[in-house]
Every structure is written in structure tokens, then in C-alpha cells.
Amino acid sequence: MALVKLEQSYPDYRKNSSGVDDMNINNFDVYTAANEKVGSVHDILVDEETGKFRYFVVDTGFWIFGKKVLLPVGLADVHYTDKRIYAKGLTREQVENLPNFDDLETIDYDYEEQVRGIYRPAAATPTKTQPAAYDRSTYKHEQEPSLYNINEQDGKTLKLYEERLIASKQRHKTGEVSVGKHIETDTANVAVPVEKERVVIERTSPTNATPTRPGDATFREGEVARMDIYEETPDIRKEAVVREEVRVKKVVEQDTVQAQETVRREELDIDTQGRSLTEK
């Protein structure tokens, strides 16, 4: 469980995949839960075997006469946006009682137990009681998650984007059809048979005329025989009838239009500097 400085384990930890200084926690200001400034982060200690964060090295500056102390990462709320770290339960009295951090050579099980002994009361809750004493040969940091599980208040989130094709339809006018009517004239012929009366006068001379007795023959001047004569004349008129009906309607035809575009997708690039990495 040897501890090393972060830059020794990950020389390029400050830079992201684009080479931009993005993750430099050094010089983050450290505050107590009461918003009292303690100092700033001087360094970070990681487990050489697992590469996990274990302690922030806090330079207290003028707060406690320039003393450097260790703060377990589980008691720190890291606010990347504000570049601040809030130490839960940290008091001035605790800092005064913490052993001074000078060099990595001084950190062993006894040194860490001295540090843990100061912080354990602050880490204990009704559901997380102080652990029993551990043997130096079997102790692991994972046995005390309240001290060593990292708590990032607004931890970094890397969003991976991809482009997708969104298909939509727009309705627009492509033309116009007008259906109307007009009047055409033509000449129609019709044959109407008609009747016409005429008078036919027939005159005969009897060959065996019998004489009339005297007194029977009456001679009348001005006697006239009348007969009505008729004839037909055509009566031509027009009437309108429905010759044809025209219905106008629309039908919708279905078709499929194929479209092709180049879309982009972001993939995650992980540089572990030769160390193993487990994704969750």
C-alpha cells in the first residue's frame, strides 16, 4: 500500500486527450464545512498499486503556521466549477493535532493510523461506526470507505455526441389544375313531317239524266258550299338536358425517397499510461 504523488504515477494527469490543462486539482482552495478557508491543495497521494486517490496534501498557509497535513479523499467534496474542496468535519483543532507532512518517507502504517485516528470521529455516522483496530499486515484502505471513497460534488462528466438523421416532410404546392366549362355552338337539323289539306273539285256529266218534274227544281242564286282547309306547320323549340356529369377529386400516391448523409459519432479515447482500467 505504498503511496506516491500523483504526478509520479500519472505524469500527464493534468491534461485531457486534447492536451488541455483540465484536471489540475493542485491549488484548489480547501474550506471547512463552515465555509472557513483552510488552505490549498499542495499535492495528491495515490495508491501505487491501484492508482486510486487516497489523500489531498493541504497546505494550511497562515491558518496553522504553514503546516501541511493530509486530508482523506472520502472527507472531501470536490467542486470543479468553483475550484474548491470542502473538508467535512475538519476543524482547526484537528489540523493542529494532525502530524505534519514533510515527505513520503515518513508515511507508513503508523503514520496513517495517526491521521485516521484524528478523522475517524468525523467520518463516523449512525450507520458508519468507527472500525475496530486493524492489523498492519491486513489493513486495506477499502475497509474504510467513509475515509477513502471519493466524493465529487460536481464531478467531471464527459458527454459523447453522435449525429443522427432526422427525416421530416414539407408540403409545398407543385402545380394547379383548373376544371371549367365553355359554350360551343352548332347547327342541328331536324325533319318534321307536316300535312296540308287542299280541295279537289270533281265535275261529272251524267249520261242518263232523268228529267225533273216541273215544280221540283229550285233555282237559287248565290248558293255556296263551304269547306275548311287545314295544314300543319312545324313548331321548333329548344330544351336543355344533362348530357354528361364530370366529377373532380384528388387521390394521394405513396412513394419512398431514399436519402444518404455522412453522420459523425464521438468515441471515448482512454489513455491509461500503461495501467489497467475497469469501466462501470
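**Exercise 1. Find the salt bridges and follow two of them through the fold.**

*Solution.* The count comes to 12 salt bridges, a salt bridge being a side-chain nitrogen of Lys or Arg within 4 Å of a carboxyl oxygen of Asp or Glu. This is a predicted model, in which local features need pLDDT of at least 70, side-chain atom pairs count only at pLDDT 80 or more, and totals for chains, interfaces and linings use all residues. Residues are numbered from 1 along each chain as its sequence is written, and side-chain values use heavy atoms, with hydrogens and water left out.

Step 1: start with Asp43 and Lys5, whose side chains meet in a salt bridge at 4.0 Å, N to O. Asp43 belongs to strand E3 and Lys5 to strand E1, so the pair ties together parts that are 38 residues apart in sequence. Helices (H or I, at least four residues) and strands (E, at least two) are DSSP runs, numbered from the N terminus.

Step 2: check the burial of each partner. Asp43 is buried, with a relative accessible area of 8%, while Lys5 counts as partly exposed at 28% relative accessibility. The cut-offs here are under 20% relative accessible area for buried, over 50% for exposed, and partly exposed in between (1.4 Å probe, protein chains only).

Step 3: turn to Arg120 and Glu144, whose side chains form a salt bridge at 2.8 Å, N to O. This pair links distant parts of the chain, with Arg120 in helix H3 and Glu144 in the loop between H3 and H4, 24 residues apart. Arg120 is buried, with a relative accessible area of 12%, and Glu144 is buried as well, at 3%.

**Exercise 2. Which residues are linked with Arg116 in a network of salt bridges?**

*Solution.* Step 1: take the pair within helix H3. Arg116 forms a salt bridge with Glu112, the closest N and O atoms being 3.4 Å apart. Being 4 residues apart in helix H3, these two are separated by about one helical turn. Both Arg116 and Glu112 are buried.

Step 2: extend the search to the other partners. The network links Arg116 with Glu112, Glu113, Arg120 and Glu144.

**Exercise 3. Describe the largest nonpolar core and place strand E5 in it.**

*Solution.* Step 1: set the scene. The protein has 4 helices and 8 strands, in the order β-α-β-β-β-β-β-β-α-α-α-β along the sequence. Of its 280 residues, 24% are buried.

Step 2: find the core members with the most neighbours. The largest nonpolar core has 41 residues, of which Leu45, Phe56, Leu70, Leu71 and Ile85 touch the most other members. Such a core is a set of buried Ala, Val, Leu, Ile, Met, Phe, Trp, Tyr and Cys residues joined through side-chain atoms within 4.5 Å. Among the elements that each supply at least two residues of this core are strand E4 (53-59), strand E5 (68-72) and helix H3 (109-123).

Step 3: look at strand E5. As 4 of the 5 residues of E5 are buried, the strand is largely enclosed by the rest of the structure. E4 and E5 run antiparallel and are joined by 5 bridges; strands pair if DSSP finds at least two bridges between them. Phe56 stands opposite Leu71 in E5.

Step 4: list contacts (heavy atoms within 4.5 Å) of Leu70. Leaving out residues up to four places away in sequence, the residues touched by Leu70 include Leu45, Phe56, Leu98, Ile107 and Tyr119.

**Exercise 4. Is Thr32 buried or exposed, and what does Thr32 touch?**

*Solution.* Step 1: locate the residue, which lies in strand E2 (residues 29-32). Step 2: compare its accessibility with the cut-offs; at 5%, Thr32 counts as buried. Step 3: collect contacts, not counting residues up to four places away in sequence: Thr32 touches Val38, Trp63, Tyr86, Ala87 and Leu90.

**Exercise 5. Characterise His42 in the same manner.**

*Solution.* Step 1: His42 is found in strand E3. Step 2: at 41% relative accessibility, His42 counts as partly exposed. Step 3: beyond four places away in sequence, His42 touches Asn26, Val57, Asp59 and Lys68. Step 4: for a distance, take Asp29, which is 13 residues from His42 in sequence and 9.7 Å away in space, C-alpha to C-alpha.

Notes
Contact = heavy atoms within 4.5 Å.
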